[in-house]
Structure formats: C-alpha cells, structure tokens
Amino acid sequence: MNDLAVHLSVQHPRGAIAGLQGLELALALRDDLRRLGLAPTLARRRLRPDAVNFVVGAEYGFDADAARGHACVLVRGAGEARGLSPQARRLLGRFPVLESDPAALAYYREGREGEPPVAFWQPGPAADAPWTDPATRPLGLVVEGAPTERQAAVLAGLERLGLPVTRIAAPLAGPERAALLRDRKSTRLNSSHSQQSRMPSSA
C-alpha cells in the first residue's frame, strides 16, 4: 500500500441535482487511485491538512482562503468550460488542476510561465463493472446534454439510418447513470458551443 495520504473533497451544494455528477466523478477518481495502491478518504466540503486534497466541484464554491496550508488539486470533469464563472476561472488558474478535457484549458489558463501544473485524466470503468462486448449491448448511442441545432440534425440522420439513440436530457448521476452507460455501445457528450460533430467512441 502506498504511504501517500490522499483525500477527496466534494463541493456538492445541498439540493443541486447537477452537483451529483461531481460525486460520481469523485467516486471514479477514488476507484482509479485505489488501483494505484492508494487509500483515499472522501468527504463533503472538508479538507485534510495531512493529505493531498483532490477538490471536486470547485465551481460550486470553494474557499481558497480556508485552504491555505493544505495541498489542493482541483478536479474538473468533462462539462462545459465556456460557462465557468469568473470566480471558478480564477480558482482554476490559481491551483493545480486535474483536467479531463484538454480543450477547456483555453478558458482558464493563459500559458504563462509559472502557472500551476495541469494533468489530464479520464475516468476509468467502475471497479465492479464487468466488461461486455459493445456489439452485444442493448443500447446504441447514448447522448448526454442538450444538442445544438447541427448536432440534433446529425442525430436525426443517424436514427434514420437505423442507429438507436437514447437521450439523457436531465442530469443523471450515480448508479443509475453507471448502469445505463454499461449497456451502451457509444456515448456522445454534447457541448453547447461545439459546432463540429465528432464520431463517438465505444468503451
């Protein structure tokens, strides 16, 4: 077992359903850290002075002053980066970041010398998720988020070609989302500013 102390702090606001996606991200990171031989702890809005703190959901509010004296890394999921608040952008520019979308850097980093480091990470499969051949999965393409006009047209064309499309319009997180994604052949994450259609990838 690795001796490095690691803690996950989820900044989930009470009553915010969308914030559950941060909890899901934290659980995925916990699984990946455990695969590395670490024993991460997890708490809501609480830091540990004796550990490296991975802060998930800083866009929902993170007290940077209270974090002084703590080793903190902000974790950002694959959600929309253009809509980040000025406060969230300042935080992401001030702390080291674990980022899942390289294209998001342009919205909160300027590439100046001396900026805190950024590492890239993609959540792996859940530790208890059995792998199945994508060809045998019952769902076709799972689409998360609201598509742009162009994306909607592409999806409609795919449906006309016989590809089943399952749309997730409302925020979905936790075991329900994990179960749904285990049954899909591919996933498409929509971005409100993206005007280019990218082929989804199987997993």
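How many bridges pair strand β1 with β2, and in which sense do the two strands run? In this predicted model, β1, which covers residues 6-10, pairs with β2 over four bridges, in the parallel sense. One contact along this pairing puts Leu8 opposite Leu42 of β2.

That pairing belongs to a bigger arrangement. Six strands make up an open sheet with parallel pairing, laid out in the order β2-β1-β3-β4-β5-β6. The edge positions go to β2 (41-44) and β6 (118-120); each has a single partner strand, so one side of each has no neighbour in the sheet. From one strand to the next, the twist averages 25°. As for the chain overall, its secondary structure amounts to four helices and ten strands, and reading along the sequence gives the pattern β-α-β-β-β-α-β-β-β-α-β-α-β-β. Of its 203 residues, 36% count as buried.

Within the sheet, β4 deserves a look of its own. Five of its six residues are buried, so β4 is largely enclosed by the rest of the structure. On one side, β4 pairs with β3 in the parallel sense over five bridges, and here Val75 of β4 is the bridge partner of Val56. β4 also runs parallel to β5, to which three bridges join it; in this case Val75 stands opposite Leu98. Val75 thus turns up in both pairings, with Val56 as one partner and Leu98 as another.

Val75 shows up again in the lining of a cavity. The structure holds one cavity of 30 Å³ or more, and the space in the largest cavity comes to about 60 Å³. Its lining is made up of Ala58, Glu59, Leu74, Val75, Arg76, Ala88, Leu91 and Leu92. Both β4 (71-76) and α2 (86-94) supply at least two of these residues each. By character, the lining splits into six nonpolar residues, two charged ones and no polar ones.

Aromatic contacts are quickly told: a search of the whole structure turns up one aromatic pair. The ring centres of Phe62 and Phe95 lie 5.6 Å apart, with the planes at 70°, and planes over 60 degrees apart count as edge-to-face, so the pair falls in that class. The two residues are 33 apart, and the pair links distant parts of the chain: Phe62 sits in the loop between β3 (52-56) and β4, while Phe95 sits in the loop between α2 and β5 (97-99). Both Phe62 and Phe95 are buried.

Two other residues round out the picture. Arg45, in the loop between β2 and β3, has a phi near 55°, a positive value in a residue that is not glycine. Its relative accessibility is 37%, so Arg45 counts as partly exposed, since that class runs from 20% to 50%. Further along, Val165 belongs to strand β8, which spans residues 165-168. With a relative accessibility of 14%, Val165 counts as buried, because the cut-off for that class is under 20%. The C-alpha atom of Val165 is 7.1 Å from that of Val143, although the two residues are 22 apart along the chain.

Technical notes:
Residues numbered from 1 in each chain as written. Predicted model: local features only at pLDDT ≥ 70, side-chain atom pairs only at ≥ 80, totals over all residues. Heavy atoms only, no water. Pairing = 2+ DSSP bridges. Axes fitted to C-alpha atoms, helices over the stretch in contact; angles between N-to-C directions. 1 Å grid on protein atoms, 1.4 Å probe; cavity = no way out; pocket = protein on both sides within 12 Å on 5 of 7 lines; lining within 4 Å. Points joined across faces, edges and corners; volume = space filled by probe spheres on them. Nonpolar A, V, L, I, M, F, W, Y, C, P; charged D, E, K, R; others polar. Phe/Tyr/Trp six-rings, centres within 6.5 Å; stacked < 30°, edge-to-face > 60°. Buried < 20%, exposed > 50% of the residue type's maximum accessible area, 1.4 Å probe, protein only.
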